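Here are some exercises to work through with the structure in view. Try each task yourself before you read its solution.

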Amino acid sequence: MSNDDAETARAVDDSSRRRVLDALAHREPDRVPVDFSGHRSSGISAIAYARLRDYLGLPKRPVRVYDPVQQLAVVDPEVLDMFGIDTIELGRAFANSDADWADWVLPDGTPCQMPVWALPERADAGGWVFKAADGLPIAAMPDGALYFEQTRFPLQESFGCPERGEIEAAFGHCMWTAVASPPGPLAAGPKGELALAGGAACLRQRSGRAIVGLFGGNLLEIGQFFFRHDNFYMLLAAEPAEAHKFLDRLLEIHLAALKRFLGAMGGNIDLILFGDDLGMQTGPQMSPAMYREFFKPRHAALWKRAKELAQVKVLLHSCGGIRPLLPDLIEAGLDAVNPVQISCEGMDAAGLKRDFGRDITLWGGGCDTREVLPGGTPQQVRDHVRRQVDILAPGGGFVFQQVHNILADVPPANIVAMFEALAELR
């Protein structure tokens with residue numbers, strides 16, 4: 001049976017989708033729903049995935065890297081089935097032809113394939129670069145490194161708020177917005193909405209998993225990506241009127257994109273994922289007062305509009321210690337938060353479940369990816385997963401996910417132990 005056939009066969013059973021929706025509705029489902037590779041912060045490094053496939057005894061073939069910046073692998077349907085995964089990313093509806101992929105080699109020498117539209121180039125001085133459409137370098141990965149780093153901040157020389165056209169142009173000159181994962185250019189142009197609609201409908205027909213549509217809609221992070229972190233902090237603190245003007249123009253751009261994105265879906269996705277890393281290891285990047293002034297009203301406008309356009313739940317990816325911001329995020333209309341970074345200040349799972357578990361779904365926190373998953377023994381991983389699930393699962397409002405992407409150095413035995421511990425709890 002081919003991968004596509006395996007996924008089609010599963011479409012007769014939509015228990016995975018219902019399981020996720022139950023958790024989001026704060027109903028305790030038949031078992032804990034599990035996300036693995038349902039979005040770009042719940043996936044697995046292509047290097048680690050190749051080793052996992054070998055460990056599982058699966059046939060050797062080049063791994064497909066759908067997120068070139070983070071070098072995350074497309075997880076095959078057979079692996080999703082093996083581990084009982086309940087989610088799937090909308091991007092899996094696209095780039096399913098061999099013509100969409102080109103051969104490349106991962107930093108450890110493992111053969112892989114990259115999207116043809118996002119193929120790194122070899123730099124004259126060594127290492128690899130990504131370039132914008134006009135040839136300007138925007139990201140680099142030196143030899144010996146495992147991931148790309150942003151090298152161009154398109155608005156860093158700006159004073160105050162740029163015009164809307166300058167902001168729109170900056171999307172094409174920033175690593176995080178210009179290097180596209182599927183669907184990428186396959187859903188661009190005049191017929192892009194038809195392509196989005198067709199892909200979403202096809203994926204709904206052949207998969208019983210909950211479909212996650214990746215939108216982004218970043219506010220704080222776009223400022224950081226475009227101006228550079230230090231410059232954007234100074235704009236917020238020293239020129240608040242200009243910062244508001246920038247964020248208003250950015251919101252207009254996001255709202256137009258949101259209408260196009262969700263208008264094409266026709267009810268064929270279950271969640272829409274927004275992104276904004278608001279936290280650090282030691283707490284939020286800003287005070288709650290600053291969040292309320294600059295970001296809360298605009299998050300609320302985006303999330304309200306998303307729910308007007310489609311019957312979707314709103315999931316926010318926000319790394320770090322964001323506990324002081326959670327009351328405002330909930331008030332702004334957020335349904336679920338990810339990754340529940342339990343190693344950060346204030347992010348103790350028991351406290352979050354006690355104080356916020358009735359109001360928001362905790363999507364993550366199931367296995368620490370900083371210390372336990374890469375450095376523990378398989379038994380330590382199993383014990384840790386059981387403890388986390390015992391804390392977070394009662395009453396619903398929890399979707400299991402390891403805290404963030406599984407990185408290249410994680411032993412495959414630990415990955416298997418994580419999912420085996422979940423299976424033993426069913």
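**Exercise 1.** Find which residue stands opposite Val65 in β2, then work out the order of the strands in the open sheet.

*Solution.* Step 1: the residue opposite Val65 is Ala73 in β2. A note before going on: this is a predicted model, where local features need pLDDT of at least 70 and side-chain atom pairs count only at pLDDT 80 or more, while totals for chains, interfaces and linings use all residues. Residues are numbered from 1 along each chain as its sequence is written, and side-chain values use heavy atoms, leaving out hydrogens and water.

Step 2: β1 and β2 pair in the antiparallel sense over two bridges. Here strands (E, at least two residues) and helices (H or I, at least four) are DSSP runs, numbered from the N terminus, and two strands pair if DSSP finds at least two bridges between them.

Step 3: on to β1 (residues 63-67) and β5, which pair in the parallel sense over two bridges. Gln113 in β5 is the bridge partner of Arg64.

Step 4: β4 (residues 101-105) and β5 run antiparallel and are joined by five bridges, with Trp104 opposite Cys112 in β5.

Step 5: the order is therefore β2-β1-β5-β4, an open sheet of four strands with mixed pairing. β2 (72-73) and β4 are its edge strands, each pairing on one side only.

**Exercise 2.** Decide whether strand β5 is largely enclosed or not, and say why.

*Solution.* Use "buried" for under 20% relative accessible area, "exposed" for over 50% and "partly exposed" for in between (1.4 Å probe, protein chains only). In β5 (residues 111-115), four of the five residues are buried, so the strand is largely enclosed by the rest of the structure.

**Exercise 3.** In the second open sheet, find which strands stand at the edges.

*Solution.* Step 1: write down the order, β6-β7-β8-β9, with antiparallel pairing. Step 2: β6 (121-122) and β9 (149-150) each have a single partner strand, so one side of each is left without a neighbour in the sheet. Step 3: check one contact across the sheet, where β6 pairs with β7 (residues 128-131) over two bridges and Arg122 stands opposite Trp128.

**Exercise 4.** Describe the aromatic pair of Phe36 and Phe419, then that of Phe274 and Trp303.

*Solution.* Step 1: take the rule. Rings of Phe, Tyr and Trp (its six-membered ring) pair if their centres lie within 6.5 Å; planes under 30 degrees apart count as stacked, over 60 as edge-to-face and the rest as tilted. The count by this rule is 15 aromatic pairs.

Step 2: Phe36 and Phe419 are 5.2 Å apart centre to centre with 55° between the planes, a tilted pair. Phe36 lies in the loop between α2 (15-24) and α3 (46-55), and Phe419 in helix α17 (residues 412-424), 383 residues apart. Both residues are buried.

Step 3: Phe274 and Trp303 form an edge-to-face pair, with 6.4 Å between centres and 70° between planes. Phe274 belongs to strand β11 (residues 271-275) and Trp303 to helix α12 (residues 296-309). Phe274 is buried at 2% relative accessible area, and Trp303 at 1%.

Step 4: widen the view, and ring pairs link Phe215, Phe261, Phe274 and Trp303 into a cluster.
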